[in-house]
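Reader: I'm new to this one and would like to go through it with you, starting with the overall picture and then moving to single places. Could you put it up first?

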Amino acid sequence: MPPKSIVVGAGIAGLSAAVLLARTAPNHSIEVWEASEDPGGLLAPISFHGIPCDRGSHRVHPNADPLLLELTQREEWQAMPRRGKLVLNQRHIGYPLRLFPFLKGLGPSTVLQMGLGFLFRPTALSQFLQWEEDRSTIQEHDEGFEQFVVERVGQAAYQQFYRPYVEKVWGLPPSQISRTVAKQRVSTSSPWQTVLASFRHDKAKSSPSHFLYPKKGMASLIDRFRLMAEELGVTFRYGQRFALSDLSSLQGSSVFYSGHLTDCVPDTSLSHRGLYLLHLAFPDGSIRDDDTYYTPESRYWFGRVSQLEKFSPELSVPGKQILCVEIPEGQWGPKHDFVPQLETIRLQLQHAGILQNNAPIEDCRQTFLPRVYPMYRRGWLQQWRQAIEHLKSYRNFYPIGRQGLFLHCNMDHCVRISHDAVQSYQRDRDSVRWLESLERYLDLRVRD
Ligand SMILES: Cc1cc2nc3c(=O)[nH]c(=O)nc-3n(C[C@H](O)[C@H](O)[C@H](O)COP(=O)(O)OP(=O)(O)OC[C@H]3O[C@@H](n4cnc5c(N)ncnc54)[C@H](O)[C@@H]3O)c2cc1C
């Protein structure tokens with residue numbers, strides 16, 4: 001009997017693992033088990049007005065890991081101009097942020113308050129210089145989001161931006177959230193480098209003026225991977241949910257698992273939060289010309305709003321403009337119905353200057369994505385380590401992907417992790433070695 005591998009999950013992590021495994025081990029029998037009836041996971045399309053809409057704003061950063069682009073080079077990747085806006089006090093500030101436009105957009109009184117807050121923050125200069133060297137997310141001491149941010153940027157900036165944003169997104173007081181969130185999502189680990197980059201040529205590298213997007217949408221990447229896998233002899237079983245109890249009947253097989261880590265570990269306090277997506281149709285001419293709006297203020301229920309036709313003109317709907325409004329689960333819980341509250345959302349979009357007139361919402365589709373963001377509460381690292389330790393008792397079990405590793409990461413990261421897992425399997429045939437190497441991925445930084 002040829003060796004057999006089961007790949008759990010047909011998101012980008014599972015599909016890329018199946019392709020890479022099939023390429024490097026042609027005699028291997030590979031099955032993909034996917035719990036739902038379709039492949040794609042977070043990249044599965046949501047059909048709205050006949051177009052395959054992404055699950056929220058998805059794009060590829062030009063500095064992304066090149067393996068994703070290499071594997072999908074037959075896709076028509078387009079370089080699209082970045083036209084993002086940060087909405088603060090009803091002002092639109094270009095995003096990604098550049099220092100001087102950012103300060104100008106804030107206005108003199110906010111800049112003054114933040115400048116004073118920064119000067120009088122509770123830290124010494126020597127510590128400030130130390131942070132410049134500190135790149136790692138992993139630290140045993142977790143002072144929490146609030147203290148981490150206040151020490152770096154001061155009270156005024158914390159109160160104005162970070163606190164409301166974190167409360168909206170996580171639905172928890174920032175003191176309960178881990179420093180990991182600040183480290184991964186707030187570019188304050190190296191403030192001096194950030195300021196310097198604003199003056200240097202490399203600012204284009206850190207804040208590129210374009211992004212990459214497949215002409216036919218992110219779902220086309222999933223089709224591409226699925227086709228490649230099928231051509232290499234991989235078989236697919238949809239509607240097939242894997243459970244750890246299956247391992248006893250799969251003896252001798254290796255399992256590459258891209259489902260949730262938390263489903264494999266009893267009694268863990270690791271948890272997630274979800275995200276509501278509202279796809280809204282407006283008459284043509286209602287929405288401004290930007291691709292994405294970032295709205296951290298608590299007066300708006302949504303944290304991000306994007307316009308798919310600005311990602312690829314092929315994904316436009318004649319006579320309509322389609323917005324994807326992302327509302328964090330936060331305090332809403334997983335069962336909220338926003339449809340009766342569409343008028344409030346429409347007024348908020350108008351207040352934020354995203355909707356430029358009184359145009360009505362002509363159509364809406366709500367989708368809830370459960371468990372999309374790992375909840376990094378203070379002390380999560382110990383729980384994570386215990387979970388990984390627990391997996392060592394299973395033979396040939398390779399967790400991969402965003403869910404398998406409990407990561408907040410990008411899709412190119414998922415492909416790289418699958419590549420590394422397949423290599424580790426080919427080299428050692430010992431998943432304990434793989435599990436022992438996983439901590440390095442906790443330092444991955446999500447790119448927006
Ligand atoms: C709103 C949003 C915006 C994002 N924007 C970007 C972006 O701009 N750029 C970027 O690079 N990344 C972005 N990401 C991240 C990116 O979507 C993910 O990193 C990536 O899609 C995760 O892929 P995955 O295969 O690891 O997980 P998933 O896509 O979640 O796939 C896991 C699959 O496993 C299946 N499964 C789970 N459990 C089982 C089981 N027990 N048995 C069988 N099957 C199971 C699930 O059904 C699912 O199909 C974004 C994510 C979100 C939520």
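Reader: Thanks. What share of the contacts between residues at least 6 apart in sequence join residues at least 24 apart?
Author: Among contacts in the chain between residues at least 6 apart in sequence, that share is 81%. Please keep in mind throughout that this is a predicted model.

Reader: How many helices and strands are there?
Author: The secondary structure of the chain comes to 16 helices and 16 strands.

Reader: And what radius of gyration does the chain have, against that of a compact globule?
Author: The chain has a radius of gyration of 22 Å, which agrees with the value near 22 Å that a compact globule of 448 residues would have. Taken along the principal axes, the C-alpha atoms fill a box of roughly 75 × 60 × 45 Å, and 40% of the 448 residues count as buried.

Reader: Which domains does the assignment give?
Author: The domain assignment gives domain 1, made up of 4-44, 65-78, 216-270 and 377-443, and domain 2, which covers 98-206. Their contact takes 9 residues from domain 1 and 9 residues from domain 2. On the side of domain 1 that touches domain 2, the residues divide into 3 nonpolar, 2 polar and 4 charged.

Reader: Let's go to single helices. How much of H1 is buried?
Author: Helix H1, residues 12-24, is mostly covered, with 11 of its 13 residues buried. The buried residues include Ile12, Leu15, Ala17, Leu20 and Leu21. From its first C-alpha to its last, H1 reaches 18 Å, close to the 18 Å expected at 1.5 Å a residue.

Reader: What lies across from alanine 17, far away in sequence?
Author: Histidine 419 is 402 residues from alanine 17 in sequence, yet their C-alpha atoms are 6.5 Å apart in space. Histidine 419 lies in helix H15, residues 411-428, and, leaving aside residues up to four places away in sequence, it touches Leu20 and Leu67.

Reader: Is histidine 419 buried or exposed?
Author: Histidine 419 counts as buried, because it has 20 C-beta neighbours inside 10 Å.

Reader: New topic: which residues of H13 are buried?
Author: In H13 the buried residues are Trp380, Trp384, Ala387 and Leu391. Seen down the axis of H13, these buried residues fall within an arc of 60°, so they line one face of the helix. The general background is that an α-helix has 3.6 residues a turn, so residues three or four places apart point the same way.

Reader: What do those buried residues pack against, and what sits on the face turned away?
Author: The buried residues of H13 pack against strand S16 (397-399) and helix H16 (431-436). The face turned away from the buried side carries the exposed residues Gln382, Arg385 and Glu389. As for its length, H13 covers residues 380-391 and reaches 17 Å from its first C-alpha to its last, close to the 16 Å expected at 1.5 Å a residue.

Reader: And what is found in the loop between H13 and S16?
Author: Asparagine 396 is found in that loop, and its phi is near 55°, a positive value in a residue other than glycine. Asparagine 396 counts as buried because it has 21 C-beta neighbours inside 10 Å.

Reader: Where is arginine 429, and what is its phi?
Author: Arginine 429 has its place in the loop between H15 and H16, and its phi is positive, at about 50°, although arginine 429 is not a glycine. Arginine 429 counts as exposed, because it has 12 C-beta neighbours inside 10 Å.

Reader: Last stop: what does serine 178 touch?
Author: Not counting residues up to four places away in sequence, serine 178 touches Asp142, Gly144, Phe145, Tyr376, Arg377, Arg378 and Trp380. Serine 178 lies in the loop between helix H7 (155-170) and H8, and it is buried, with 21 other C-beta atoms within 10 Å. The C-alpha atoms of serine 178 and glycine 379 are separated by 7.1 Å, although these residues are 201 apart along the chain.

Reader: Which helix holds lysine 183, and is that residue buried or exposed?
Author: Lysine 183 is found in helix H8, residues 179-185, and it is buried, with 23 other C-beta atoms within 10 Å. Lysine 183 and phenylalanine 145 are 38 residues apart in sequence and 8.6 Å apart in space, C-alpha to C-alpha.

Notes: Residues numbered from 1 in each chain as written. Predicted model: local features only at pLDDT ≥ 70, side-chain atom pairs only at ≥ 80, totals over all residues. Domains from an automatic or database assignment. Contact = placed C-beta atoms within 7 Å. Nonpolar A, V, L, I, M, F, W, Y, C, P; charged D, E, K, R; others polar. Helix = DSSP H or I, 4+ residues; strand = E, 2+ residues; numbered from the N terminus. Expected span 1.5 Å × (residues − 1). Arc of directions from axis to C-beta. Rg over C-alpha atoms; globule rule 2.2 N^0.38 Å.
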